[in-house]
Amino acid sequence: MTAVRACPRVLVVDDEADLRELLEITLVRMGLDVDSAATLAQARALLPEHDYALVLTDMRLPDGLGLELVREVVAAYKNTPIAVVTAFGSADNAVVALKAGAFDYVSKPVVLDQLRAMVQSALRLNAPAAEAPAPAAASRLKGDSAVIQALRAQIARLARSMAPIAIHGESGSGKELAAREIHAQSSRAGKPFVAVNCGAIPEALMEAEFFGYRKGAFTGAAEERDGFFQAANGGTLLLDEVADLPLAMQVKLLRAIQERRVRKIGATVEEPVDVRIISATHQDLAHCVETGRFRQDLFYRLNVIELQLPPLRERLDDLGPLTDTILARLGSFGQRVVLGPQVLEALRGYAFPGNVRELENILERALAFADDGVIEVADLALKGARPAEGAVGAAQASQASQASQATAPPCAAEPCTPPLEALPASLPDYLHQIERDIIIRALAQTQYNRTQAAQLLGISFRQLRYQMQKLGIQEPEA
Ligand SMILES: Nc1ncnc2c1ncn2[C@@H]1O[C@H](COP(=O)(O)OP(=O)(O)OP(=O)(O)O)[C@@H](O)[C@H]1O
């Protein structure tokens, strides 16, 4: 005898008979069982009776607000996603419902394609193992700090909903990784994750890049092409550096996000898209709104749920797990990679303006200089570091700073750091010049004994040789 598997069951809550009927018919045609309620009271009576795969509720009901039902279902039926139907032009209601934990929303008049896409996403949440996302592997977001632990828990919760998420944090702090983690833990894991750096697309190409174009839509459009929205369909679209979007594009994006439809350049019809939006920025987006650089309506739309990634210097407890992860990766090519004593202490004294990405770079570069895979404090070459007390490099660093204050010695290449009253035209060039200046002073002070100069500067001999080569420093002719 074949076991009959029950169809997933959906509860529709709406007092408008016509709309309720349209929803019911659509859901039944999708192969679902449907129960209907016209009031909150009826819905409350039905909820304990079945294990609903989805509750779909109107926002205004004769005996109360759909929002109340959202709160009740979120609190009492953790495995039942609830979505809301919002009236046209009341996008704010959708945002409020999403903040309260609603899984998703559809706007009236209901576009059936959107409804079906939303229902399918909801069904995937509690799908049997074969269709469900792989059991949550260990999070790739490493760290022991309370804030990262809380973030991991938040991500696990948020992954179930469709609510737009805005991730804030300095460059290199892990915003994209967090977005990928949300996607990986969601029912969309098997679908594309598309990350777009909004600051890197020329303004003239933006619309084509986001929405695609039809063949012949403009000179050079030799073939029809999908945009980011179509590429991410069914999955997640990360709008990275979202503050860099030009205002004209912000209007178009807002429309696409609200209506979940896009129109290719040159097309006459719009196409539905089912995309979860995550945005990220290192800028203060609220301030951008105040100064008129960012539209308030889009800000409001994107910031339904906010996640904050604090800078690495404010969560030093993460250094251990992060260095372990990075060293494991570096060592995965068969090379021995270990940290010398006091390296972690030295790292704790560093400010990491480039956050985790900088930590990765520091360790990677240090490994190139390390003897036999053992990274020592001197290999780290922490710029402007304040090594922690007792760290090996401390004495050398203080010597180095004394050396840098010494009067400029006669030298083949005269130091020529520009005065600081004028801002440098190029920061990297200016910093190179300072680095060059300091190395030349240390060399001069040690009569070009490179071993001693390296000690004075708190870096390894090989690092000094590398820097001299890079900065074009040569020994003066005898
Ligand atoms: N908590 C973490 N655990 C493991 N790796 C991390 C963590 N945070 C960041 N990383 C790594 O650091 C690097 C930078 O992270 P990511 O690209 O996510 O930063 P970002 O904030 O998006 O940077 P940007 O603003 O410059 O785009 C990546 O290689 C990422 O894998």
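Biologist: Let's start with strand S10: which residues sit on its two faces, and are they buried or exposed?

Modeller: The general idea comes first: side chains in a regular strand alternate between the two faces of the sheet. In this predicted model, Thr236, Leu238 and Asp240 are on one side of S10, Leu237 and Leu239 are on the other, and all are buried. That covers both faces. Since 5 of the 5 residues in S10 (residues 236–240) are buried, the strand is largely enclosed by the rest of the structure.

Biologist: Which strands does S10 pair with, and do they run parallel or antiparallel?

Modeller: There are two to look at. Strand S9 (residues 193–197) is joined to S10 by 5 bridges, and these two run parallel. Strand S13 (residues 276–281) is also linked to S10 by 5 bridges, again parallel. To find the register, follow Leu239: its bridge partner in S9 is Val196, and in S13 Leu239 stands opposite Ser279.

Biologist: What happens to the backbone after S10, at Glu241?

Modeller: Here the general rule is that most residues other than glycine have a negative phi, and most peptide bonds are trans. Glu241 has a positive phi of about 50°, though it is not a glycine. This residue is in the loop between S10 and helix H10 (247–259). Glu241 counts as partly exposed because 19 other C-beta atoms lie within 10 Å, and a residue needs 20 or more to be buried.

Biologist: And where is Arg260, and what is its phi?

Modeller: Arg260 is in the loop between H10 and strand S11 (261–262). Its phi is near 55°, a positive value in a residue other than glycine. Arg260 counts as buried because it has 22 C-beta neighbours inside 10 Å.

Biologist: You brought up trans peptide bonds. Where is there a cis one?

Modeller: Look at Lys108 and Pro109, which are joined by a cis peptide bond with omega about -5°. Pro109 is in the loop between strand S7 (104–107) and H5.

Biologist: Let me zoom out. How many helices and strands are there, and how is the chain divided?

Modeller: The chain has 20 helices and 16 strands. It is divided into domain 1 (9–125), domain 2 (146–310) and domain 3 (314–471). Of the 478 residues in the chain, 36% are buried. For contacts between residues at least 6 apart in sequence, 70% join residues at least 24 apart.

Biologist: How do I read the contact between domain 1 and domain 2?

Modeller: An interface's size is often given as the accessible area lost when the parts come together. Here we can count residues: 15 from domain 1 and 11 from domain 2 make up the contact. On the domain 1 side, helix H4 (91–99) and helix H5 (112–125) each give two or more residues. H5 provides the largest share of that side, with 6 residues. By class, the domain 1 side has 8 nonpolar, 3 polar and 4 charged residues. The centres of the two domains, taken over C-alpha atoms, are 25 Å apart.

Biologist: Where does the largest nonpolar core lie, and which residues have the most contacts inside it?

Modeller: This core has 78 residues, and Ala83 and Phe229 have the most contacts inside it. H5 gives the most to it, with 5 residues. Domain 1 and domain 2 both contribute residues, so the core lies between them. Leaving aside neighbours within four places in sequence, Ala83 is in contact with residues including Leu54, Phe103, Met118 and Ala122. Apart from this core lies another, of 33 residues, with Leu312, Leu322, Leu380 and Ile459 among them.

Biologist: Last one: which residues are closest to the ligand, and which domains give residues to the shell around it?

Modeller: The ligand is surrounded by 20 residues, the closest being Lys142, Gly174, Lys175, Glu176 and Val356. Helix H7 (175–184), helix H13 (319–331) and helix H15 (355–369) are the elements giving two or more residues to the shell. Its residues divide into 5 nonpolar, 8 polar and 7 charged. Domain 2 and domain 3 both give residues to the shell around the ligand, so it lies between them.

Note on methods. Residues are numbered from 1 along each chain as its sequence is written. This is a predicted model: local features need pLDDT of at least 70, side-chain atom pairs count only at pLDDT 80 or more; totals for chains, interfaces and linings use all residues. A residue is near a molecule or strand if its C-beta atom, placed from the backbone, lies within 6 Å of it. Helices (H or I, at least four residues) and strands (E, at least two) are DSSP runs, numbered from the N terminus. Ala, Val, Leu, Ile, Met, Phe, Trp, Tyr, Cys and Pro count as nonpolar, Asp, Glu, Lys and Arg as charged, and the others, Gly among them, as polar. Domain bounds come from an automatic or database domain assignment. Two residues are in contact if their C-beta atoms, placed from the backbone, lie within 7 Å. A residue is buried if 20 or more other C-beta atoms lie within 10 Å of its own, exposed if 12 or fewer, and partly exposed in between; C-beta atoms are placed from the backbone. A nonpolar core is a set of buried Ala, Val, Leu, Ile, Met, Phe, Trp, Tyr and Cys residues joined through C-beta atoms within 7 Å. Two strands pair if DSSP finds at least two bridges between them.
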